[in-house]
Amino acid sequence: MSEGSIVLGALAPHPPHLIYAENPPQNEPRAECGWEVLRWGYERLRRSLADKSFDVLVVFSPHWQTMVGTHFLGVPHFKSISVDPIFPNLFRFHYELDVDVTLSEAICEQAAQMGMVTKMMRNPDFRVDYGTIISCHLTHPAWDKPIVAISSHRSAKLFNTEYMQANALKLGEATRKAVLASGKRAVLLASNSLSHRHFVTEPPLPEDMSKEHITHHGQYLWDMRMLDLMRKGKTRELIDLMPDFTDQTIAETDSGALSWLIAALDYPEYGADVHAYGSVIGTGNAVVGWDHESYGGRS
Amino acid sequence: MSVLSGWLVPGMPHPYLCPEKNRGWQKLRTAYETARQSIEALDADLLVIYSTYWPSIIGHQIQALPNPVWTHVDEEWHELGSIHYNLRMDPEFAESCREACVARGLHARTVAYHGFPIDTGSVVALKLLNPDNRLPAVILSSNVYSDRAETIVLGKACRDALAQSNRRAVAISVSALSNRLFIEPIDPAEDRIHSLKDDEWNRKYLEFLQLGRLEDVSQLSRQFHREARVHKVTNFKPFWWLAAFMGQNNCYRGEVHAYEPVHGTGAAIVELTPTSMAARDLEYDEDDPDAYAGDRNVLGSLNDAPGMDGDDES
Ligand SMILES: [Fe+2]
């Protein structure tokens, strides 16, 4: 078996607003517009993937939240409707997807060997979380590739962000090892926003863009600082700053998703492609690609 | 109008799905059964649930689908099994609550969508307390950013709705006491409260509740949050809502039906029945807001409360 590879890594946030505004047939609500800059960013991410062959999407989602270690989907096929518990008016999405259970088990096993608490999710009635679904749909709407979905162990809340990040980095390393050993070509998605202070009210027309802006300037400055480090390939510094960034902006990086991605990519020193940045209901979101294979699949 | 009794119940699925695995979980199951019988003996016509297991961001959400049907699997405890539910909600009262919330300055909406993910805590509470859908229910979300004033106003709004509709309700807060759990799998037989400190705070709280001191417990919520809670949200809110909904006093007969660990968390089933006897009331010292006017941002201008409608929301 030839060695597997990480084809591309992406920061692929999951605001349901982006699906809502895009009006795919799977989603029940209809919108007339909204959040175009971010959606065009996703379009560029999709274009950057178009000429690459890959076997599987591996996604780490902040909205599958587990306390007892990290969990992995372990059922080959799911079909259901996902209704966002926060924005049910925007996201009621009919999904059907396949899981690469073999790779899922391999990452789970690799992480366990490295000392992490892991568990396979084997209940066929389980509903796949909306973060996983949204990031996968926006990155690859054809749904013709299996996925591996990884839960977010909520250790930032249980302990602190440093502890969370130490585990997320280890999980990233485990993911890289398992992908390389699998012989498969994987696309990795960190499904999280950056700064994450929401507005707590919604305008009557959710896609009224005259109401959309970052919650406050401090959040914006932090987001720009982090994006600047990504663009310059300073991922070690990005990791060093992550706990402060997370605490200061109550960022969704508290999930560990972005730290996991950076470690899985082995701390790339080439510049990432920031396809878009924009706010969604006050939170900071960026679509960012690490075109890993073009840089030799190495940092 | 009246709230006939108030309850604290835990939201973990273990007492419903696998009580046989641990004596304490079985005791909780038995206490749930006692609670069901106690509620059945009342002349109630409505269950009003506030669940800390249902987070919201856009204000306060109120479940209003008349008959939610689903097979629910908990994101953490999926290996314990699936829970099929077929529930009966009260859309009319949900709408009354929404109107009462708005009248008091809260952002609120009803949700009525097939497949909406009703939280594990609400599902478990309704399956065990109301298995035949004898009573209709409403479920209220817990806003992750809301703090004391907003939550108290939410409780008062529910009380307004109850008064206007002339209903007789049972109030249920679904919440753990201490919520720190073991982050590794445990042998169910070995379950215990995560730490002595958590246990002591739980017992102190239960002592107050046993004496019927609901308002005092409500006013100690911040302290309890600091001492015995993992800080996943801004504060410990279930007693703010419960006390406000029930009338903000200490005039209850309290009964702790069970207190047991579930994977390290403090799980208790407590009944509070209004009486004319007032318990001690040493802690009546906090503000008593009647309407919500947004968070006060002490570092910014008075109109800085986050809201997409800008100035209208401040
Ligand atoms: Fe999110």
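## Exercises on a predicted model

A:Ile281 sits in the loop between strand 9 (273–280) and strand 10 (283–290) of chain A. The model is predicted.

**Exercise 1.** State what is unusual about the phi of A:Ile281, and decide whether the residue is buried or exposed.

*Solution.*
- Step 1. Read the backbone angle. A:Ile281 has a positive phi of about 45°, yet it is not a glycine.
- Step 2. Take the relative accessibility, which is 3% for A:Ile281.
- Step 3. Apply the cut-off: buried means under 20%. A:Ile281 is therefore buried.

**Exercise 2.** Do the phi and accessibility analysis for A:Ile250.

*Solution.*
- Step 1. Locate A:Ile250. The residue is in the loop between helix 8 and helix 9 of chain A.
- Step 2. Read phi. The value for A:Ile250 is positive, about 35°, and the residue is not a glycine.
- Step 3. Classify the exposure. The relative accessible area of A:Ile250 is 43%. Partly exposed covers the range between under 20% and over 50%, so A:Ile250 is partly exposed.

**Exercise 3.** Identify the residues that coordinate the iron ion, and work out which parts of chain A the pair A:His14 and A:Glu252 ties together.

*Solution.*
- Step 1. List the donors. They are NE2 of A:His14, NE2 of A:His63 and OE of A:Glu252, at 2.0 to 2.1 Å from the iron ion.
- Step 2. Write their spacing in sequence: H-x48-H-x188-E.
- Step 3. Place two of them. A:His14 is in the loop between strand 1 (5–11) and helix 1 (16–22) of chain A, while A:Glu252 is in the loop between helix 8 (235–248) and helix 9 (257–264) of chain A; the pair therefore ties together parts that lie 238 residues apart in sequence.
- Step 4. Check burial. A:His14 has 4% relative accessibility and counts as buried. A:Glu252, at 4%, also counts as buried.

**Exercise 4.** Describe how helix 6 (residues 161–182) of chain A packs against helix 9 of chain A: axes, handedness and contact residues.

*Solution.*
- Step 1. Take the geometry. The two axes come within 7 Å and cross at roughly 40°.
- Step 2. Name the arrangement. Angles under 35 degrees would count as roughly parallel; helix 6 and helix 9 of chain A are therefore oblique to each other.
- Step 3. Assign the hand. Helix 6 of chain A passes helix 9 of chain A in a right-handed crossing.
- Step 4. Collect the contact residues. Helix 6 of chain A supplies A:Gln165, A:Ala168, A:Leu169, A:Leu171, A:Gly172, A:Glu173, A:Thr175 and A:Arg176. Helix 9 of chain A supplies A:Ser259, A:Trp260, A:Ala263 and A:Ala264.
- Step 5. Sort by class. The contact of helix 6 with helix 9 of chain A has six nonpolar, four polar and two charged residues.

Notes. Residues are numbered from 1 along each chain as its sequence is written. Chains are lettered from A and ligands numbered from 1 in the order in which they are written. This is a predicted model: local features need pLDDT of at least 70, side-chain atom pairs count only at pLDDT 80 or more; totals for chains, interfaces and linings use all residues. Side-chain values use heavy atoms; hydrogens and water are left out. Donors are N, O and S atoms within 2.8 Å of the metal (3.2 Å for Na, K and Ca); water is not among the atoms, so sites may look incomplete. Helices (H or I, at least four residues) and strands (E, at least two) are DSSP runs, numbered from the N terminus. Buried means under 20% relative accessible area, exposed over 50%, partly exposed in between (1.4 Å probe, protein chains only). Axes are lines fitted to C-alpha atoms, for helices over the stretch in contact, and angles run from 0 to 180 degrees between N-to-C directions. Angles under 35 degrees count as roughly parallel, over 145 as roughly antiparallel, 65 to 115 as roughly perpendicular and the rest as oblique. A crossing is left-handed if the near helix is turned anticlockwise from the far one by less than a right angle, and right-handed if clockwise. Contact means heavy atoms within 4.5 Å. Ala, Val, Leu, Ile, Met, Phe, Trp, Tyr, Cys and Pro count as nonpolar, Asp, Glu, Lys and Arg as charged, and the others, Gly among them, as polar.
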